[in-house]
Amino acid sequence: MKKIKLQNIWTKYHESKRWWSIALDFIFLLLIIAMLIPNTRKTISAFVVRHTLLSPRESSKTVMLNEKDFEFTVIGYNGEPVKLSQLRDKPIFLNFWATWCPPCIAELPSIQKLYEKYKNNVHFIFISNESPDVVTKFITRKNYSLPLYFLEGMVPGVFETSTIPTTFIVNKRGRLILYKTGAAKWDSKKMFRLMDRLINEK
């Protein structure tokens, strides 16, 4: 009886739809199933986010870092502490992220491209509160070469955030040029123009 009912349902469904509509329904169903499975949820989420990313916009507010903000210290994975005050010769790209965060994973390929293009002219700082072993394994598996840091002490108010990913770009004069919460497309022509401008500033 149940078999006959299922056959009737399928016949009605099949007759009311075109082949491409049926294919889309099945793809949508597979995506829902994949999102319910913990092992594939993060990958699917990151894929969807990556294909909807937009280039970030420059901040319209004028926010200047003070001397206390420049005392902000991070520790490199080589064990060396770095103060922002040591990095005032170049623009600073500072990103808070985590390996378990789908939007972070989604934006990393574009960040890697930005880093490869500007690593000699911009200071890049990528901060995660996770174990360095976890982060290093993730970065190695993905074949990224980003400079990794963890926090030492408190984060200055100007860099405080409860959202990841969050990215800050600071120019050589200490102005917060860009403040972006959530994932973004960092390898756009718009971003390249902004970085070129910041690098060429006196």
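This is a short walk through the sheet of the structure above and a few of its loop residues, and please keep in mind that the model is predicted.

Let me begin with the sheet as a whole. Seven strands make up an open sheet with mixed pairing, and they are arranged in the order β2-β1-β5-β4-β3-β6-β7. At the edges stand β2 and β7, the latter covering residues 176–181, and because each has a single partner strand, one side of each is left without a neighbour in the sheet. From one strand to the next, the twist averages 30°. As background for the pairings I will go through, strands of a sheet pair through backbone hydrogen bonds, either in parallel or in antiparallel fashion.

I would like to spend some time on β3, residues 92–96, which pairs with β6 in the antiparallel sense over five bridges. Within that pairing, isoleucine 92 stands opposite valine 170 of β6, while asparagine 95 has threonine 167 of β6 as its bridge partner. With β4, residues 123–127, strand β3 runs parallel, and five bridges join the two. Isoleucine 92 also appears in this second pairing, where it stands opposite histidine 123 in β4. To get from β3 to β4 the chain passes through helix α4, residues 102–118, and the resulting β-α-β crossover is right-handed.

Is β3 largely enclosed or exposed? Five of its five residues are buried, so β3 is largely enclosed by the rest of the structure. In a regular strand the side chains alternate between the two faces of the sheet. In β3 both faces are covered, with Ile92, Leu94 and Phe96 buried on one side and Phe93 and Asn95 buried on the other.

Moving along the sheet from β4, we come to β5, residues 148–151, which pairs with β4 in the parallel sense over two bridges. Here phenylalanine 126 has leucine 148 in β5 as its bridge partner. Together β4, α5 and β5 form a β-α-β unit, which is right-handed. Strand β5 also pairs with β1, this time in the antiparallel sense and over three bridges, and in that pairing glycine 76 stands opposite tyrosine 149 of β5.

Tyrosine 149 brings me to the loops, since its C-alpha lies 9.0 Å from the C-alpha of glycine 79, although the two residues are 70 apart in sequence. Glycine 79 sits in the loop between β1, residues 73–76, and β2, residues 81–83, and with a relative accessible area of 49% this glycine is partly exposed. The cut-off matters for that reading, because a residue counts as exposed only over 50%.

On the other side of that cut-off we find asparagine 143, which counts as exposed at 67% relative accessibility. Asparagine 143 lies in the loop between α5, residues 132–142, and β5, and its phi is positive, at about 65°, although the residue is not a glycine.

The last loop I want to point out is the one between β5 and β6, residues 166–170, where proline 165 is found. Which kind of peptide bond joins isoleucine 164 and proline 165? The bond is cis, with omega at about -5°.

To return to the main picture, we have an open sheet of seven strands with mixed pairing, and within it β3 is joined to β6 in the antiparallel sense and to β4 in parallel.

Notes
Residues numbered from 1 in each chain as written. Predicted model: local features only at pLDDT ≥ 70, side-chain atom pairs only at ≥ 80, totals over all residues. Heavy atoms only, no water. Helix = DSSP H or I, 4+ residues; strand = E, 2+ residues; numbered from the N terminus. Buried < 20%, exposed > 50% of the residue type's maximum accessible area, 1.4 Å probe, protein only. Pairing = 2+ DSSP bridges. Axes fitted to C-alpha atoms, helices over the stretch in contact; angles between N-to-C directions. Right-handed = clockwise from strand over helix to strand, strands pointing away.
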